[in-house]
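Me: Could you take me through the metal site of this protein, one step at a time? I am in my first year, so please connect each part to the next.

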Amino acid sequence: MNHPPLNVNRERLDADIRRLAEFTDPNLPYTRRAFSPEYAAAREWLAERFRDAGLDTRVDAAGNLIGRLGAGGGPVLMLGSHIDTVEAGGRFDGVVGVLGALEIARRLRESGAALARPLEIVDFVCEEPTIVDLSPLGSRVMAGDVTAEMIAAAAVPSGEPLGEAIARLGGDPARLHEARRKPGETLAYLELHIEQGPVLERAGADVGIVTVIAAPCRAVVSLTGVADHAGATSMADRRDALAGAAELILAVERAASAPDLAQESVGTVGFLRVSPNMVNVIPGRVDLTVEARSTQSEALLWAREEIERSLREIAARRGLDATLEWRHLEEPVPIPVEMQDVIAESATDLRIRAMRLPSRASHDAARLAPVAPVGMVFIPCKDGRSHCPEEWAETDDVAAGAEVLARALLELDAQSRAVR
Ligand code: GLV
Ligand code: MN
Ligand code: MN
């Protein structure tokens, strides 16, 4: 590959990351849930940065913020990620993908490097599961996987109808089809992201090349027993929903840790609502979420069936009513080898140590895969921690990842020139 390094401006990138982190719920850093006031303000700031960078900036019908560089029609190259966070999350998850892409666009303009294809920088709306069964929203709409009817039936956590929340960001749910991309319209999508695990750090690698993205599957479960007096009800007479939920949590852990699945599967109960949640009342009802993920379809199916079987057994033995509904089912997404190879060559050319690894977290790239060849560059994060305020990535690593991503972008652009 014969491309000059882009020389991303690490101070500028660092300043942007710091500034974006200020858009947070002050009582719960770093919280910028999709559609919240902090998110809307961050979006305005980001749109301004896109415009300052000379990008033709708009919000699509789904609420994705898009900055475009280069005139003309035809297929585009795309970079992006998301700036929404989980509750008390981090400053880098998604953010490095969006701000790294912005920095690449700026450097392309400053250096006068003209791409043959238009470049689009996308901040995908609502990647995190703020709306459990529709997130990641923006990338799913782009891939044609969420319909206007699904949006019309959903609400954001504040109770506001989702359609109104999207419109508040500048989207237009009535024209949702306009946000959709058909296969062939996006030549390639590249995403820079923190690894969110410890593999790169432990291996001493500077960047990771993602080989496959694990599929998250999410279910809502409710267990109903009988609320009763915590002193007067003998142990034999109880139908304690929380005790049943505790057993289910351990069953999820066991299902994901089965010896032949370990390494490839994970399982989590991350949300629990106990009713009535009082010290002297036997819990009558528990609502909870179950999440199972794997990079292997068969393992995922096995884990899901095992969780369902355990729930039936626990409920029958304890005299509880139980329901389980899978609200979000994905399949693992393999990354095309050609995309992996372009990234690997970019790292080699730049003398940056790279290794291939699976992504156990999910990303917008996974949802765009049906409509575009996707590739992902990972950078290390401190102690592998993520989705917590301690999440941290060094600016040098963010800059190195952006440099690799930029070189892969230039190469994909050159390849598209060759086949024109
Ligand atoms: C995205 O944040 C995920 O849950 O993997
Ligand atoms: Mn995340
Ligand atoms: Mn993310």
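**A close look at the metal site**

Reply: Let us begin with the manganese ion (ligand 2), whose donors are D93 (OD), E128 (OE) and H387 (NE2), at 2.0 to 2.1 Å. Please keep in mind that this is a predicted model. Along the chain, the donors of this ion follow the spacing D-x34-E-x258-H. Two of them, D93 and E128, are 35 residues apart and link distant parts of the chain. D93 sits in the loop between β3 (76–81) and α3 (95–111), while E128 sits in the loop between β4 (119–123) and α4 (137–142). Both D93 and E128 are buried.

Now for the second metal. The manganese ion (ligand 3) is coordinated by H82 (NE2), D93 (OD) and H193 (NE2), with distances of 2.0 to 2.2 Å. Its donor residues are spaced H-x10-D-x99-H in sequence. Here too the chain brings distant parts together: H82 is in the loop between β3 and α3, and H193 is in strand β5 (residues 186–194), 111 residues apart. Both H82 and H193 are buried.

What bridges the manganese ion (ligand 2) and the manganese ion (ligand 3)? The bridge is D93. The two ions lie 3.6 Å apart, and D93 coordinates both. If you are following along in the 3D view, D93 is a handy place to start, with H82 and H193 as donors to ligand 3 and E128 and H387 as donors to ligand 2.

Next comes ligand 1. Which residues surround ligand 1? They are E127, E128, R218, R293, A361, S362 and H387. Two names may be familiar, since E128 and H387 also appeared as donors to the manganese ion (ligand 2). By class, the shell around ligand 1 holds 1 nonpolar, 2 polar and 4 charged residues.

Some of these neighbours make polar contacts. A polar side-chain atom of E128 is 2.9 Å from an oxygen atom of ligand 1. For H387, an N or O atom in the side chain is 3.0 Å from an oxygen atom of ligand 1. R218 also takes part, with a polar side-chain atom 3.5 Å from an oxygen atom of ligand 1. Taken alone, ligand 1 exposes 190 Å², and the protein buries 96% of that area.

Let us step back to the protein around the site. The protein has 12 helices and 15 strands. Its radius of gyration is 23 Å, close to the 22 Å that the globule rule gives for 420 residues, so the protein is as compact as a globular protein of that length. Along its principal axes, the C-alpha trace spans about 80 × 45 × 35 Å. Buried residues make up 55% of the 420 residues.

One helix is worth a short visit. You met α3 above as one end of the loop that holds D93, and A101 lies in this helix. Is A101 buried or exposed? A101 is buried, because its relative accessible area is 0% and buried means under 20%. Its C-alpha atom is separated by 21 Å from that of R417, a residue 316 positions away along the chain.

Finally, the backbone has some details to look for. Most residues other than glycine have a negative phi, and most peptide bonds are trans. Against that background, the peptide bond from P29 to Y30 is cis, with omega near 0°. Y30 is in the loop between α1 (10–21) and α2 (37–52). Another cis peptide bond joins S135 and P136, with omega about 0°. P136 is found in the loop between β4 and α4, and E128 from the metal site is in that loop as well.

Where is the positive phi of N7 found in the chain? N7 is in the segment before α1, and its phi is about 55° although N7 is not a glycine. N7 counts as exposed, because its relative accessibility is 51% and exposed means over 50%. N277 is another residue with a positive phi, about 65°, although it is not a glycine. N277 belongs to the loop between β9 (265–275) and β10 (281–282), and at 59% relative accessibility N277 counts as exposed.

To return to your request, D93 bridges the two manganese ions, and E128 and H387 coordinate the manganese ion (ligand 2) and are also among the residues around ligand 1.

Definitions and conventions. Residues numbered from 1 in each chain as written. Chains lettered and ligands numbered in written order. Predicted model: local features only at pLDDT ≥ 70, side-chain atom pairs only at ≥ 80, totals over all residues. Heavy atoms only, no water. Donors = N, O, S within 2.8 Å, 3.2 Å for Na, K, Ca; no water. Helix = DSSP H or I, 4+ residues; strand = E, 2+ residues; numbered from the N terminus. Buried < 20%, exposed > 50% of the residue type's maximum accessible area, 1.4 Å probe, protein only. Near = heavy atom within 4 Å. Polar contact = N/O pair within 3.5 Å; in protein donor to acceptor, adjacent residues only side chain to side chain. Areas by Shrake-Rupley, 256 points an atom, 1.4 Å probe, with all protein chains shown as cover. Nonpolar A, V, L, I, M, F, W, Y, C, P; charged D, E, K, R; others polar. Rg over C-alpha atoms; globule rule 2.2 N^0.38 Å.
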